[in-house]
Amino acid sequence: MSVLDNFEQWKDFLAERLQQAQQQGLSQQVISDVAYQIGDYLAEQVDPKNPEERLLADLWSVADEQEQHAIANMMVKLVQRES
């Protein structure tokens with residue numbers, strides 16, 4: 001089972017990677033840029049596996065680049081808050 005199959009597992013996975021990035025001293029800007037790159041990759045290469053991912057994919061597809069950065073930043077904040 002992939003972490004993409006379950007949204008809670010996906011958030012847990014992101015939270016772990018975020019914590020590792022922070023422990024390695026990556027700046028918030030670098031983390032934000034990586035989150036955007038991941039979002040862009042997922043939107044172009046991965047079919048959504050659950051309703052939450054479908055919603056994010058739909059939002060990503062109608063957003064301009066600035067809004068996509070905002071979505072990526074909100075995902076980072078979401079997993080920071082929950083971890």
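# Notebook: a four-helix chain

**Entry 1: a starting residue.** I began with Ala 57, which is found in helix H3, residues 51-62. The model I am reading is predicted. I looked up the accessibility of Ala 57 and found 21% relative accessibility, so this residue counts as partly exposed, since buried would require under 20%. I then compared its position with that of Ser 27. The two residues are 30 apart in sequence, and their C-alpha atoms lie 26 Å apart in space.

**Entry 2: the whole chain.** I turned next to the overall fold. The protein chain has four helices and zero strands, and the order of elements from the N terminus is α-α-α-α. I asked how the radius of gyration agrees with that of a compact globule. For 83 residues such a globule would have a radius near 12 Å, and the protein chain has 12 Å, so the two agree. Along the principal axes, the C-alpha trace spans about 30 × 30 × 20 Å.

**Entry 3: surface, contacts and charge.** I noted that 28% of the 83 residues are buried. The protein chain exposes about 5700 Å², and carbon and sulfur atoms supply 51% of that area. Among contacts between residues at least 6 apart in sequence, I found that 64% join residues at least 24 apart. I also looked up the charged side chains: 6 are positive and 15 are negative, and the centres of the two sets lie 5 Å apart.

**Entry 4: aromatic rings.** How many aromatic pairs does the count come to? I recorded two aromatic pairs. One of them joins Trp 10 and Phe 13, which are stacked, with 5.8 Å from centre to centre and 20° between the planes. Both residues belong to helix H1, residues 7-23; because they are three residues apart there, about one helical turn separates them. I then checked whether each partner is buried or exposed. Trp 10 counts as buried because its relative accessibility is 10%, whereas Phe 13 is partly exposed at 29%.

**Entry 5: Met 75.** I moved on to helix H4, where Met 75 is found. Its relative accessible area is 14%, so Met 75 is buried. Which residues does Met 75 contact, leaving aside its neighbours within four places in sequence? I listed Phe 7, Trp 10, Leu 14 and Leu 56. Trp 10, a member of the stacked pair, thus appears again in the list for Met 75. I also looked up the separation of Met 75 from Ile 31: the two are 44 residues apart along the chain, and their C-alpha atoms are separated by 11 Å.

**Entry 6: Gln 68.** Helix H4, residues 65-82, also holds Gln 68. I found that Gln 68 counts as buried, because its relative accessibility is 11%. With neighbours within four places in sequence left aside, Gln 68 is in contact with Tyr 36, Trp 60 and Ala 63.

**Entry 7: Leu 4.** My last entry concerns the segment before H1, where Leu 4 has its place. Is Leu 4 buried or exposed? At 13% relative accessibility, Leu 4 counts as buried. Leaving aside neighbours within four places in sequence, I recorded contacts of Leu 4 with Trp 10, Leu 42, Val 46, Lys 49, Asn 50 and Glu 53. For Val 46 I also noted the distance to Leu 4: the C-alpha atoms are separated by 9.2 Å, while the residues stand 42 apart along the chain. Trp 10 is in contact with Leu 4, and Trp 10 is also in contact with Met 75.

Note on methods. Residues are numbered from 1 along each chain as its sequence is written. This is a predicted model: local features need pLDDT of at least 70, side-chain atom pairs count only at pLDDT 80 or more; totals for chains, interfaces and linings use all residues. Side-chain values use heavy atoms; hydrogens and water are left out. Helices (H or I, at least four residues) and strands (E, at least two) are DSSP runs, numbered from the N terminus. The radius of gyration is taken over C-alpha atoms; the globule rule is 2.2 Å times the number of residues to the power 0.38. Buried means under 20% relative accessible area, exposed over 50%, partly exposed in between (1.4 Å probe, protein chains only). Contact means heavy atoms within 4.5 Å. Accessible areas come from the Shrake-Rupley method with a 1.4 Å probe; for residues, only the protein chains shown count as cover. Lys and Arg count as positive and Asp and Glu as negative; His and the chain ends are not counted. The place of a charge is taken as NZ of Lys, CZ of Arg, CG of Asp or CD of Glu. Rings of Phe, Tyr and Trp (its six-membered ring) pair if their centres lie within 6.5 Å; planes under 30 degrees apart count as stacked, over 60 as edge-to-face and the rest as tilted.
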